[in-house]
Amino acid sequence: MSRDAGSKPSFYVTTAISYVNGPPHLGHAYEAISTDVIARFKRLDGYDVMFLTGTDEHGQKVEKTARGKGKEPAEFCDEIAAKFKEMVGTLDVSNDDFIRTTEPRHHASVQEIWKRIADKGDIYLDKYAGWYSVRDEAYFGEDELTEGEGPDKGKKFAPSGAEVEWVEEESYFFRLSAYGDKLLAHYDANPDFILPHYRRNEVVNFVKQGLTDLSVSRTSFNWGIPVPGDNRHIMYVWLDALTNYITATGFPDEGAESYQKYWPADLHVIGKDIMRFHTIYWPAFLMSADLPLPKRVFGHGFLNIEGQKMSKSLGNVITPQAMIDEFGLDQVRYFLMREVPYGNDGSFSKESMVNRINSDLANDLGNLGQRVLSMIAKNCDGKVPTPGPLTPDDEALIGAAKGALSAMREAMESQAIHRMLESVWKVVGDANRYVDAQAPWALRKTDPARMETVLYVLADVIRILGIYVQSVVPGSAAKLLDQLAVAPENRSFADIDTALVAGTDLPKPAPVFPRYVEPEAE
């Protein structure tokens, strides 16, 4: 909530920052879209939202990939970061800031965090010897590794499948071991700090086994932020990367208006594979630096393709642009948010995508809008109809539409985007059943005044539905609301009760959600 009671409540939400060792894929799009839905929902609900995304550009893996392509790391990062910026634009993502860890503001922020942790006595110099995965930019214990077989015999592999190498070098260490009990106490006092709850249980069990001190610097590469006062050492990429969330609020200027307003973050949205970094390392670093902890970390699942994990070797990596080109932007956004319970792993298949487009969007919501607006254009002189007295059926439908908002808010409090959409589509179903039961096309001959009332009720319910779906299908929702002549300033949740004005001229209706037809069959 806002630190200033007289203003809008504030809400600060972030994606994880994307690692720039390759261009964006559907997994990146999934995270960006879902976080965008959360940010848009909160804005519609009257919050002053800050939404951050960006790129993580340092580390040995980036340096190695860049050199492999015959490029300097900075040049390589500029190219890939531009692709991620382009992706968020393509997906109609409403981020307020795009941070790059190569920016001067971030350099200053990370060095300040380091100094505060060092001043606390939580950093010391020693020698590191252990297994390191360049691909994961992470260290692993012997018990976490698997032995290679066949041609990989003699090699060891991290849980991700990445090969690890034995590393011995001088390193600065962070006293992570001193924070186990503090972290457990924090999880206990804040049961919703980690969601979904089953991921919380995994983290708690890991911490209960005991934490070892963390190597937080490397001397074997140069692409990163130097340790203050010791340029031979480059900071561990995760200490560098995680600090982006606080950099964007203006840190180290704790007097900055944006820092005062938005830190601590309300929500970090991340992939389940980086939970440990965000729920153990990050809060421990902040505790050490005497800085407030974020309020929640939500770990979403992964998208499989036709039941298989996305991988370059399988050749099933789908680009966001290819999906949009085939199915449409809002159709992709809706499918990704509705098909999979948010937090779980899910699967993309063309069949399930086409089913969602043609059933939920074209038939249910699209056809509702098209039928009603076409009847109004034809039978009410293209103006908002004039309603008469409302029947219990009319009031029940309007009540269901307005009442859905509390269920939507409740779902979004725990980031259950799929349940929020279920609440909306329940009203869509109610409205379609109401059309069939009231049969305004028959009333046209028998009771034209009653027909106008029915069409008015439907038009106003469609207005409410249009307001509700803006967070997920912003472009299509805008078209729907335009066709109802709803002014742009009257499209927030606070405007649910601002009913349509009878007699208002309406533009000629046009379909908002076309059916998907196979290109060959057109």
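**Legends to views of a predicted chain**

**View 1. Charges across the whole chain.** In this predicted model, the chain carries 56 positive and 76 negative charges, and the mean positions of these two groups lie 2 Å apart. The accessible surface of the chain amounts to about 21,800 Å², and carbon and sulfur atoms provide 50% of that surface.

**View 2. The overall fold of the chain.** The chain contains 18 helices and 19 strands. Its radius of gyration is 26 Å, which is close to the 24 Å that the globule rule gives for 522 residues, so the chain is as compact as a globular protein of that length. Measured out along its principal axes, the C-alpha trace of the chain spans about 90 × 55 × 40 Å. Of the 522 residues in the chain, 57% are buried. When contacts with a separation of 6 or more are considered, 77% of them join residues that are 24 or more positions apart in the chain.

**View 3. Strand S3 and its parallel partners.** Strand S3, which covers residues 48-56, is mostly covered, since eight of its nine residues are buried. Strand S1 (residues 10-15) runs parallel to S3 and is joined to it by five bridges, and within this part of the structure Tyr12 stands opposite Met50 of S3. Strand S2 (residues 18-19) also pairs with S3 in the parallel sense, here over two bridges, and Tyr19 is found opposite Asp56 of S3. Strand S4 (residues 97-100) is joined to S3 by four bridges, and these two strands likewise run parallel; in this pairing, Leu52 stands opposite Asp97 of S4.

**View 4. An open sheet of four strands.** Strands of a sheet pair through backbone hydrogen bonds, and the pairing may be either parallel or antiparallel. The sheet in this view is open, has four strands in the order S6-S5-S9-S11, and shows antiparallel pairing. Strand S6 (138-140) and strand S11 (214-215) stand at the edges with a single partner strand each, so one side of each of these strands is left without a neighbour in the sheet.

**View 5. The pairing of strands S5 and S9.** Strand S5 (residues 123-133) and strand S9 (residues 165-174) pair over 10 bridges in the antiparallel sense. Which residue of S9 is the bridge partner of Leu125? The partner of Leu125 in S9 is Tyr172.

Note on methods:
Residues are numbered from 1 along each chain as its sequence is written. This is a predicted model: local features need pLDDT of at least 70, side-chain atom pairs count only at pLDDT 80 or more; totals for chains, interfaces and linings use all residues. Side-chain values use heavy atoms; hydrogens and water are left out. Two strands pair if DSSP finds at least two bridges between them. The radius of gyration is taken over C-alpha atoms; the globule rule is 2.2 Å times the number of residues to the power 0.38. Buried means under 20% relative accessible area, exposed over 50%, partly exposed in between (1.4 Å probe, protein chains only). Contact means heavy atoms within 4.5 Å. Accessible areas come from the Shrake-Rupley method with a 1.4 Å probe; for residues, only the protein chains shown count as cover. Lys and Arg count as positive and Asp and Glu as negative; His and the chain ends are not counted. The place of a charge is taken as NZ of Lys, CZ of Arg, CG of Asp or CD of Glu.
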